[in-house]
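Reader: I'd like to learn how to read a few features straight off a model. Could you walk me through them?

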Amino acid sequence: MKSPMNLDFLKTTHALKIAFFLFISITFFYLGKHWSDGYQQLIFFTQNSDPDPILDQSVSVSPNFNKSFNISSLIDHNSTEPVREKAPTEQQPPPPPPEAAQAAHDSVEKFGIVNENGTMSDEFEVGEFDPGMVDDWVNETQVESEGSESVRSFGIKKFGLCSRDLSEYIPCLDNVEAIQKLPSTEKGERFERHCPEEGKKLNCLVPAPKGYRAPIPWPKSRDEVWFSNVPHTRLVEDKGGQNWISRDKNKFKFPGGGTQFIHGANEYLDHISKMIPEITFGRHIRVALDVGCGVASFGAYLLERNVVTMSVAPKDVHENQIQFALERGVPAMAAAFATRRLLYPSQAFDLIHCSRCRINWTRDDGILLLEVNRMLRAGGYFVWAAQPVYKHEEALEEQWEVMLNLTTRLCWKFLKKDGYIAVWQKPFDNSCYLSREAGTKPPLCDPSDDPDNVWYADLKACISELPKNGYEANVTDWPARLQTPPNRLQSIKLDAFISRKELFKAESKYWNEIIESYVRALRWKKMRLRNVMDMRAGFGGFAAAMIEQKLESWVMNVVPVSGPNTLPVIYDRGLIGVMHDWCEPFDTYPRTYDFLHAANLLSVEKKRCNVSSIMVEMDRILRPGGHVYIRDTLAIMDELQEIAKAIGWHTSLRDTAEGPHASYRVLVCDKHLLRA
């Protein structure tokens, strides 16, 4: 029996107010929950309070990105917004744990075919583009941005597609107007850079050839590529009997041979190793240069021996050899021994190779071989396979004697001649140079000459001395050299407040953490990343991280002329790269890179040249289906997104690991195949 005191309490006004308040609260909660189901809702960036230290380096996309919210319409028309019907028993399932979500994602990503044994296999060929990766493109004219430097408005429409005859256009090598004005071409000047003037630069998108297909993935691409992607048969006609290349229906096949090694590159490499046992590929020999590379089978087969080779050739009568090399997924770029230095630093290569490269090494007091000497590392090897080595004809024997005389004056040590191969070794120090008789030619270069100054620098008929300041370029064996700070770090002209070795290690750690997060969170190992370019390479930390993460790719490390010349350090690490000015086009064919990485580049180059010109050049060298990651300041991102959309890239803006309040963002762009 309830006490009179309790009954009196229930009758009080205070108790009634409490009951009424609870009733109203529950009612509004119920109505608010169900009426909000049909509306757009703001979703805010969230982050796990106890993040995984590895995943914490990943970039995140704010869920609000690309969502539009008309707040005034939500307020003004609240009563007329349709409400989605919902079953009374419907419940939202709890989110799956990360492991389950990852497993579910994996199950979706797996593709394959049933092979002849009845089991699923992912060993199949994908050549056609998914319809979703092909965009119908309507040509429109470009509207230049207007306004002062401080207040600039953007009015860029879609860039139009260039005419089909420009599908293989290399602006600085195909400038016919400039080449025709050259006073002389007898030394190969026509194969060097002659870039278009202002007002004549590329302002349209270079189209793919008719029938272009997604490239065959590595490692299969080493041996075959689609005919429609490089539809030229000149090399097949000229070199078919030398085992370079053959055509089989809709593909080109690469047997691995060359003019001087028709039985295959592997046998040829074994021959060199037996001749000179000190040439240990993949250990002491890590970085090579192949001059007059053909379709780059020498470099292609060195890759499996842990040697990365820069394969070079001019755009001559066999103009598509570099295009074939890059389509195969082998490092290569167009370059010529003519009147200027090549765009690589001094003491870059452990081995330089010429197999019937059609270069007269002894002309003009050996000026071309002196360029080889500049780029060859102290103690490095020069391998020459050519007719003067092995043919006993009077004219060829004279050429051999002239070559022996020149290499002796260069202080090269002649090691051995075996069959059609001859090998020399560069000295380890300057002692031989200093002990030559007075007046011996070629002379030593003037001490003021910088052997690493290569941008539009003329060749010099002199010997570049080896360093005397204790920063010799001798390096440790591969793979230890990748993460060992080289001595040449100290010679880089760089303002630094802390130890350069600490800067080197910090950069390596920084990029390794970022690439590791890309691999884990963005599934980079599922992406086709074979030909990769780092457009502002620094010390090469990005490329080193790609190797540490065991990604099947190679990286072209580009050092812009607008910053410090760190290229020697990149080569000392066992990587490859080139000097370049991004205000000008790059010396490669269209559609040769799967991935372009630009960190802190465009905001710097914007002070020197038109950013849209750089991005159109990026589009030229990027394959359809390729990706661009631009990591730069938030201040420039609106402009970059505007240009990227005008080019036809599909973009998303991602936060860096520092979160949404950082001053940097990552602009991720995907290139689709454009079809007019």
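Author: We'll go through cavities, salt bridges, a buried charge and some backbone oddities. Keep in mind that this is a predicted model.

Reader: Fine. How do I start with empty space, and how many cavities of 30 Å³ or more does a search of the whole structure find?

Author: The general idea first: rolling a probe the size of a water molecule over the atoms shows where empty space is left. Here the search turns up five cavities of 30 Å³ or more. The largest cavity has a volume of about 220 Å³. Its lining is made of 17 residues, and Arg193, Ala336, Arg341, Leu343 and Asp587 are the closest to its centre.

Reader: How do the residues of that lining divide into nonpolar, polar and charged?

Author: For the largest cavity, you get 12 nonpolar residues, five charged and no polar ones.

Reader: And what is the volume of the second largest cavity?

Author: About 90 Å³. Among the residues that line the second largest cavity are Leu161, Arg591, Asp619, Lys671 and His672. The lining of this second cavity splits into eight nonpolar, one polar and three charged residues.

Reader: On to charges, then. How many salt bridges does the count come to?

Author: The background is simple: side chains of opposite charge can pair when their charged atoms come close. In this model the count comes to 31 salt bridges. Take arginine 193, which pairs with glutamate 584, with 2.7 Å between the closest N and O atoms. Arginine 193 sits in the loop between helix 5 (176-180) and strand 6 (224-226), and glutamate 584 in the loop between strand 18 (577-580) and strand 19 (593-599), so the pair ties together parts that are 391 residues apart in sequence.

Reader: Is arginine 193 buried or exposed?

Author: Buried: its relative accessibility is 7%, and the cut-off for that label is under 20%. Arg193 is also one of the residues closest to the centre of the largest cavity.

Reader: Can you show me another salt bridge?

Author: Try arginine 305 and aspartate 270, whose side chains meet at 3.0 Å, N to O. This pair links distant parts of the chain, 35 residues apart: arginine 305 is in the loop between helix 8 and strand 10, aspartate 270 in helix 7. Aspartate 270 counts as partly exposed because its relative accessibility is 35%.

Reader: What about a salt bridge between strands?

Author: Aspartate 655 and arginine 665 form a salt bridge, with the closest N and O atoms 3.3 Å apart. Aspartate 655 belongs to strand 21 (residues 650-655) and arginine 665 to strand 22 (residues 664-670), 10 residues apart. Aspartate 655 is buried, at 7% relative accessible area, and arginine 665 is buried as well, at 10%. Elsewhere, salt bridges that share partners join Asp350, Arg377, Arg481, Arg488 and Asp572 into one network.

Reader: Which side chain of opposite charge is nearest to arginine 286, which is buried yet has no salt bridge?

Author: That would be aspartate 350, 7.0 Å away. A salt bridge needs the nitrogen and the carboxyl oxygen within 4 Å, so that pair doesn't qualify. Arginine 286 is in the loop between helix 7 (265-275) and strand 9 (287-291). A polar atom of its side chain does lie 2.9 Å from the backbone oxygen of asparagine 306.

Reader: What should I look at in the backbone of asparagine 306?

Author: Check phi: asparagine 306 has a positive value of about 65°, although it is not a glycine. Its place is the loop between helix 8 (297-302) and strand 10 (308-313), and at 44% relative accessibility it counts as partly exposed. Lysine 249 is another non-glycine residue with positive phi, near 55°. You'll find lysine 249 in the loop between strand 7 (246-248) and strand 8 (251-253), and its 70% relative accessibility makes it exposed.

Reader: Last one: where are cis peptide bonds found?

Author: For these, read omega. A cis bond joins lysine 441 and proline 442, with omega about 0°. The bond from tryptophan 478 to proline 479 is cis too, with omega near 10°. Proline 442 lies in the loop between helix 13 (431-434) and helix 14 (500-521), and proline 479 is likewise found in the loop between helix 13 and helix 14.

How values were computed. Residues are numbered from 1 along each chain as its sequence is written. This is a predicted model: local features need pLDDT of at least 70, side-chain atom pairs count only at pLDDT 80 or more; totals for chains, interfaces and linings use all residues. Side-chain values use heavy atoms; hydrogens and water are left out. On a 1 Å grid over the protein atoms alone, a cavity is a set of points where a 1.4 Å probe fits but cannot get out, and a pocket is an open set with protein on both sides within 12 Å along at least five of seven lines; lining residues have an atom within 4 Å of a point. Grid points are joined across faces, edges and corners, and a volume is the space filled by probe spheres set on the points. Ala, Val, Leu, Ile, Met, Phe, Trp, Tyr, Cys and Pro count as nonpolar, Asp, Glu, Lys and Arg as charged, and the others, Gly among them, as polar. Helices (H or I, at least four residues) and strands (E, at least two) are DSSP runs, numbered from the N terminus. Buried means under 20% relative accessible area, exposed over 50%, partly exposed in between (1.4 Å probe, protein chains only). Lys and Arg count as positive and Asp and Glu as negative; His and the chain ends are not counted. A polar contact is a pair of N or O atoms within 3.5 Å; within protein, one must be able to donate a hydrogen and the other to accept it, and residues adjacent in sequence count only if both atoms are side-chain atoms.
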